[in-house]
Each structure stands twice: as C-alpha cells, then as structure tokens.
Amino acid sequence: LIQKDRAERAEKRAEQMKKDAEIEKLARIASQERAEQERLRAEAEAKAKLEAQQLAEKERLRAEQEAKAKLEAERKAEQLAELLRQMGIDPDQLPQN
C-alpha cells in the first residue's frame, strides 16, 4: 500500500513537472512572439521616419529650386527693365496683362 502511494505521488509529480515544462515552453514562445512583434514595430517606425525625412528633403529641394527660379525670373525682369530704360521706355508705364 505504501509503495502504491509512493508510486502515485511520483506519477503525480512527474505529471506536474511535465505540465510545468509545457507552461515554460509556452511562456518562452509567447516571449519570442512579443520580441518579434516589437522588432517589427521598431522596424516599421524606422522605415516611416526615414520616409518622412526623405519627403522633407524632397520638399526642401523643391522649395529651393522654386526660390532660385523666382530669383532668376526677377533678375531677368530687372535686366529687361534696364534695357527698356536704355531704349528710352519707362517699364513702369507699360500696360499690365
């Protein structure tokens, strides 16, 4: 009877150890999945940040080109006005379209 009781307790301990091992395995898997999700989230954030930086740089370059084009147009308009003055024509008196 004592041996039977010991055997049953040993069997229960073995079953509990097996359950504990399975729980640890599941916890490890869950931890790995959380880590992978965090890695993917961080990767997506980094990609979004890079895209935002690239977009900002593209917009800065576009604005710079527009400013240069405006300055060039103003310079040409001033040259044209000077030529008109040299010809005796007041550019401020020309009709506006």
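The expected span of a helix is 1.5 Å times one less than its number of residues. Keep that rule in mind for the first view of this predicted model.

**View 1. Helix α1 from end to end.** Helix α1 covers residues 2-86. With 85 residues at 1.5 Å each, α1 should span 126 Å, and its end C-alpha atoms are 125 Å apart, so the two values agree. The protein chain has one helix and zero strands. Its radius of gyration is 40 Å, well over the 13 Å that the globule rule gives for 97 residues, so the chain is more spread out than a compact globule. Along the principal axes, the C-alpha atoms of the protein chain fill a box of roughly 130 × 20 × 10 Å.

**View 2. The surface of the chain.** Here we turn to what is covered and what is not. Buried residues make up 3% of the 97 residues in the protein chain. The protein chain exposes about 9,300 Å², and carbon and sulfur atoms supply 56% of that area.

**View 3. The salt bridge between R9 and D5.** Searching the whole structure gives 13 salt bridges, and the next three views each pick out one of them. R9 pairs with D5, their closest N and O atoms being 3.1 Å apart. Both residues lie in helix α1, four residues apart, or about one turn of the helix. An α-helix has 3.6 residues a turn, so residues three or four places apart point the same way. R9 has a relative accessible area of 43%, which makes this residue partly exposed. D5 is partly exposed too, at 37% relative accessibility.

**View 4. The salt bridge between R39 and E43.** Further along the numbering, R39 forms a salt bridge with E43, and 2.9 Å separates the closest N and O atoms. The two residues are again in helix α1, four residues apart, about one turn of the helix. The relative accessibility of R39 is 41%, so R39 counts as partly exposed. For E43 the value is 48%, and this residue also counts as partly exposed, since the partly exposed class runs up to 50%.

**View 5. R60, E57 and their network.** The side chains of R60 and E57 meet in a salt bridge, with 2.7 Å from N to O. R60 and E57 are three residues apart in helix α1, so about one helical turn separates them. R60 counts as partly exposed at 39% relative accessibility, and E57 as partly exposed at 35%. This pair also has company: salt bridges that share partners join E57, R60, E64 and K68 into one network.

**View 6. Beyond the end of α1.** Please look now at the segment after the helix. G88 follows α1 and has a positive phi, near 85 degrees. I89 is found in the segment after α1. Together, M87, I89 and L94 make a nonpolar surface patch of about 270 Å². Why can I89 belong to a patch? At 32% relative accessibility, I89 counts as partly exposed, and patches are made of residues with over 30% relative accessible area.

Conventions: Residues numbered from 1 in each chain as written. Predicted model: local features only at pLDDT ≥ 70, side-chain atom pairs only at ≥ 80, totals over all residues. Heavy atoms only, no water. Salt bridge = Lys/Arg side-chain N within 4 Å of Asp/Glu carboxyl O. Buried < 20%, exposed > 50% of the residue type's maximum accessible area, 1.4 Å probe, protein only. Patch = residues over 30% accessible without salt bridge, like charges linked within 9 Å, V, L, I, M, F, W, Y side chains within 5 Å. Areas by Shrake-Rupley, 256 points an atom, 1.4 Å probe, with all protein chains shown as cover. Rg over C-alpha atoms; globule rule 2.2 N^0.38 Å.
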